[in-house]
Amino acid sequence: MRFKDKVALVTGGAQGLGQAICERFASEGAVVIAADINEDKAKATAKEIGEKYGVTTLGLGLDVTDDFAVHTAMEDIDGNFGRLDILIANAGILKAGEITMFPVSEWRQVIEVNLVGYMICAKHACQIMQRQKSGVIIQINSKSGKKGSFRNSAYAASKFGGIGLTQSLALEMAQFGVRVNAVCPGNLLDGTLWQDSLFEQYAHTQGISVEDVRRKYMDQVPLGRGCTYDDVTNAVAFIASDEASYMTGQAINITGGQEMR
Ligand SMILES: NC(=O)c1ccc[n+]([C@@H]2O[C@H](COP(=O)([O-])OP(=O)(O)OC[C@H]3O[C@@H](n4cnc5c(N)ncnc54)[C@H](O)[C@@H]3O)[C@@H](O)[C@H]2O)c1
């Protein structure tokens, strides 16, 4: 129960990795707020997790790119719970495509959600955490934040930017006792994003079958398997805990050895 009564906000918490992170914090005693552009799913996830673990949860409809909405949500959280201990900036989208054909509007949208959305959430969380003189921010980045990604320029650019933002916030917030880190997972091949969209998108953009996409991405991993939600939530829980109190400004790979820098 490392997070007993800590208040944790997880963006993109309705499904996928965000949902798994919400569940992990709830299982260790935290008050969990699942915020997602999909309001119905965020509320359903929060309710389910609250009942399962007997902790207070809240499901919120929130678009991380909407500065005013994020500001209002943070004020509500501060008003209701009196604090914010943990922000997990997890909301993200991926649109793949060849650069010569990439619609600029879609490229901008990926940057807007993955990078600007992270900045907006961090900005308002930092206002609370600065006052508290404590807090932890963790961005869910990607191995594509460390190395270019084939026909996936918008996503890689957004995630590289996220590491620059993470390091800069870590420098700025250290004096307030606030730690800011990122985690860089490998491919969550059995997760929602891959199952609902990426296998199809990559098969299309790379001109290979869905089975070949799976084989290709498994073959790139020295430990020989895809990343799991537990692989990521174990690292997130550690970094959010006091056991990691000397860690800030880091971007930790969780890639089965695929990325080593
Ligand atoms: N799936 C992978 O293989 C993988 C690998 C590395 C990193 N990641 C990162 O993990 C994070 C979670 O991805 P996932 O695999 O769970 O994907 P997902 O698509 O299953 O979940 C993303 C969630 O974010 C929400 N969201 C999207 N736009 C939003 C917005 N503007 N405001 C608020 N919520 C919004 C979606 O509604 C969804 O619930 C992302 O940042 C992604 O880049 C995923």
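Visitor: Hi! How many residues of domain 1 are in contact with domain 2?
Guide: Hello! 16 residues of domain 1 are in contact with eleven residues of domain 2. Do keep in mind that this is a predicted model.

Visitor: Noted. Which parts of the chain make up domain 1 and domain 2?
Guide: The domain assignment gives 7–186 + 227–253 as domain 1, and 188–226 as domain 2. Taken over C-alpha atoms, their centres are 24 Å apart.

Visitor: And what area do domain 1 and domain 2 bury between them?
Guide: About 1200 Å², with 52% of it on carbon and sulfur atoms. On the domain 1 side, Leu94, Cys227 and Tyr229 supply 38% of the area buried against domain 2, more than any other three residues.

Visitor: Let's talk charges. How many salt bridges are there between domain 1 and domain 2?
Guide: The count there is one salt bridge. Seven residue pairs are in polar contact between domain 1 and domain 2, with both residues at pLDDT 80 or more.

Visitor: Which helices supply at least two residues each to the side of domain 1 that touches domain 2?
Guide: α1 (16–27) and α8 (229–240) do. The largest share comes from α8, with three residues. By class, that side of domain 1 has seven nonpolar, six polar and three charged residues.

Visitor: What does arginine 225 form a salt bridge with?
Guide: Its partner is aspartate 231, and the closest N and O atoms are 2.8 Å apart.

Visitor: Switching to the ligand: how many residues surround it, and which are the closest?
Guide: There are 26 residues around the ligand, and the closest are Gln15, Asp36, Asn90, Tyr155 and Thr192.

Visitor: Asn90 caught my eye. What does a polar backbone atom of asparagine 90 lie 2.8 Å from?
Guide: That would be an oxygen atom of the ligand.

Visitor: And which polar backbone atoms lie by a nitrogen atom of the ligand?
Guide: I can give you two cases. A polar backbone atom of valine 64 is 3.0 Å from a nitrogen atom of the ligand. For leucine 62, a backbone N or O atom lies 3.4 Å from a ligand nitrogen.

Visitor: Back to salt bridges, then. What does the count come to?
Guide: It comes to 13 salt bridges. One of the pairs is glutamate 243 with arginine 2, where the closest N and O atoms are 3.5 Å apart.

Visitor: Where do glutamate 243 and arginine 2 sit along the chain?
Guide: In distant parts of it, 241 residues apart. Glutamate 243 is in the loop between α8 and β7 (251–254), while arginine 2 belongs to the segment before β1 (7–11).

Visitor: One more residue, please. Where does glutamate 23 lie?
Guide: Glutamate 23 is in helix α1. Neighbours within four places in sequence aside, glutamate 23 is in contact with Ile49, Lys52 and Tyr53.

Visitor: What joins the side chains of glutamate 23 and lysine 52?
Guide: A polar contact of 2.6 Å.

Visitor: And what distance separates the C-alpha atoms of glutamate 23 and isoleucine 239?
Guide: 16 Å, for two residues that are 216 residues apart along the chain.

Definitions and conventions: Residues are numbered from 1 along each chain as its sequence is written. This is a predicted model: local features need pLDDT of at least 70, side-chain atom pairs count only at pLDDT 80 or more; totals for chains, interfaces and linings use all residues. Side-chain values use heavy atoms; hydrogens and water are left out. Domain bounds come from an automatic or database domain assignment. Contact means heavy atoms within 4.5 Å. Buried area is the accessible area (1.4 Å probe) that two parts lose on being put together, summed over both. A salt bridge is a side-chain nitrogen of Lys or Arg within 4 Å of a carboxyl oxygen of Asp or Glu. A polar contact is a pair of N or O atoms within 3.5 Å; within protein, one must be able to donate a hydrogen and the other to accept it, and residues adjacent in sequence count only if both atoms are side-chain atoms. Helices (H or I, at least four residues) and strands (E, at least two) are DSSP runs, numbered from the N terminus. Ala, Val, Leu, Ile, Met, Phe, Trp, Tyr, Cys and Pro count as nonpolar, Asp, Glu, Lys and Arg as charged, and the others, Gly among them, as polar. A residue is near a molecule or strand if one of its heavy atoms lies within 4 Å of it.
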